[in-house]
Amino acid sequence: MARREERNLLVGLDIGTSKCVAVVGQVTPEGQVEVVGRGEHVSRGMNRGDVVNIELTTQAIKRAVENAEHMANCRAQSVFVGISGTHIRSLNSTGVAPVRAGSVSERDVDSVMDAARAIAIPADQKILHVIPQEFVVDGREGIHDPIGMHGVRLEAKVHIVTGSISAAQNIHKCVESCGLKVDKLILQHLASSYATLLPDERDLGVCMVDIGGGTSDIAVFKGGTIRHTAVLPIAGNQVTNDISVAFRTPAPYAEEIKVKYGVALPEFAAGDDEIEVKGVGDQPPRRLSRLTLAEVIKPRYEELFRFIRKELHRSDWYDLIAGGVVLTGGSAQMPGVVELAEEIFELPVRLGTPHNVDGLKDVTRSPAYSTAVGLLLYGRSSKPQIAKAPTQGMGYWAQRVGDWFRGSF
Ligand SMILES: Nc1ncnc2c1ncn2[C@@H]1O[C@H](COP(=O)(O)OP(=O)(O)OP(=O)(O)O)[C@@H](O)[C@H]1O
Ligand SMILES: [Mg+2]
């Protein structure tokens, strides 16, 4: 069996509320990530991004990783794992440090980053990412790499993401029970954004929304870097629940009907299409039109998009995202969702699928795998010994600054 190191393999593990996915990526000599293995298992031990059952989550991870290993013909030792949930908090912070020897040195940047991360956070939270937004040297703003610049005062503006210590510990526990090491915990929406956003969008200003089963994760980018993150507890599971309640049908059937026939706008439902809906207990099945189904689905997506719009206004980013909105995640796949989102946001909206990766088409073409693929892309950037090609010609420091902007700090 080929050993992991010899083939430059990385493993991404997305423990979602609906599904637990492990993907194996092989980094080619040119630095490209090729997805060579995928394993998936239904996730029953998670609720809104949080581990609520260690045993079930561990089993799901084990199965997903085993299947991915089998497909890729390898043995995983460590994994890049996504983390999300309503316990995630984020804030922007600034640090200031003197430039000691006339021009900015690596030591000065270390000092200013330490100053920026020295913030009071609640005792039950830990810092997950400190991502530089820009450096300022003697009032000159918008600097990405300050090393060597002349000045006396260095400032760093950073985005800090924190998460619950116990939520992180539970994930560690589940992963380690499977005999795996955690390479790093990565914010799921940060990972999804690596997989779906284009550099132009990140520069111009864009809001990425990963609509999963339990949560909708938001990340706003502008000027090439992350500016704002938020997690909303509304996603696909509520849509399924609405269908289940409205049509008095068990949740598994509601889910099946949603995925097979659901549309988010009545215009997308051919009026005369009829669906058979199984009743609860021994009640006989009933027939419904797709139009009626669309009328149940639409209000929940509408509610979600209105919440997001409100969140963008509240955080003052709404007017600054000229690049519009990118929707990804399993629940973004429903026909009509992009059009409904455009109506509500009054901004251009597109569906985000993973890009910049090769390999298994069912992974690289589906919005449901954006987080998993993003974890691989993140892993490639943060393990320069694996990603040999992209770092060629780049000094250690330039590489490190690049890692910072990706949140690998
Ligand atoms: N074709 C489809 N149309 C509409 N919804 C879909 C479709 N396929 C999957 N979904 C929904 O997508 C959701 C799962 O999305 P995803 O796989 O991104 O979630 P997850 O990553 O497990 O959850 P989370 O990110 O919230 O922890 C489920 O609610 C499912 O019903
Ligand atoms: Mg997800």
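This is a guided tour of a predicted model, moving from the surroundings of a ligand to three places where helices pack against each other.

**Stop 1: ligand 1**

Begin by selecting ligand 1 together with the 19 residues around it, of which Thr17, Ser18, Lys19, Glu255 and Lys258 come nearest. With these displayed, look for the pairs of polar atoms. At Ser18, a backbone N or O atom lies 2.7 Å from an oxygen atom of ligand 1, whereas at Lys258 the atom that lies 2.7 Å from a ligand oxygen is a polar one of the side chain. Add Ser331 to the selection, and you will find an N or O atom of its side chain 3.2 Å from an oxygen atom of ligand 1.

**Stop 2: helices α6 and α7**

Keep Glu255 and Lys258 on display, since both recur here as residues of α7 that take part in its contact with α6. Select residues 236-246 for α6 and residues 251-261 for α7, whose axes come within 8 Å and cross at roughly 110°; at that angle α6 is roughly perpendicular to α7. On the α6 side the contact is made by Gly236, Val239, Thr240, Ile243 and Ser244, and on the α7 side Ala251 and Ala254 join Glu255 and Lys258. By character, the residues of this contact divide into four nonpolar, three polar and two charged.

**Stop 3: helices α1 and α3**

Next select residues 54-72, which form α1, and residues 165-177, which form α3; their axes come within 8 Å and cross at roughly 50°, so the two helices are oblique to each other. Viewed for its handedness, the crossing of α1 past α3 is right-handed. Showing side chains at the crossing brings up Ile54, Thr57, Thr58 and Ile61 in α1, which meet Asn170, Lys173, Cys174, Val175 and Ser177 in α3. The residues of this contact comprise four nonpolar, four polar and one charged.

**Stop 4: helices α8 and α9**

Finally, select α8, residues 290-314, and α9, residues 337-345, whose axes come within 10 Å and cross at roughly 45°. These helices are therefore oblique to each other, and their crossing is right-handed. From α8, the residues to display are Lys298, Tyr301, Glu302, Phe305, Arg306, Ile308 and Arg309, while α9 contributes Val337, Leu340, Ala341, Ile344 and Phe345 to the contact. How do the residues of this contact divide into nonpolar, polar and charged? Eight are nonpolar and four are charged, with no polar residue among them.

Methods. Residues are numbered from 1 along each chain as its sequence is written. Chains are lettered from A and ligands numbered from 1 in the order in which they are written. This is a predicted model: local features need pLDDT of at least 70, side-chain atom pairs count only at pLDDT 80 or more; totals for chains, interfaces and linings use all residues. Side-chain values use heavy atoms; hydrogens and water are left out. Axes are lines fitted to C-alpha atoms, for helices over the stretch in contact, and angles run from 0 to 180 degrees between N-to-C directions. Helices (H or I, at least four residues) and strands (E, at least two) are DSSP runs, numbered from the N terminus. Angles under 35 degrees count as roughly parallel, over 145 as roughly antiparallel, 65 to 115 as roughly perpendicular and the rest as oblique. A crossing is left-handed if the near helix is turned anticlockwise from the far one by less than a right angle, and right-handed if clockwise. Contact means heavy atoms within 4.5 Å. Ala, Val, Leu, Ile, Met, Phe, Trp, Tyr, Cys and Pro count as nonpolar, Asp, Glu, Lys and Arg as charged, and the others, Gly among them, as polar. A residue is near a molecule or strand if one of its heavy atoms lies within 4 Å of it. A polar contact is a pair of N or O atoms within 3.5 Å; within protein, one must be able to donate a hydrogen and the other to accept it, and residues adjacent in sequence count only if both atoms are side-chain atoms.
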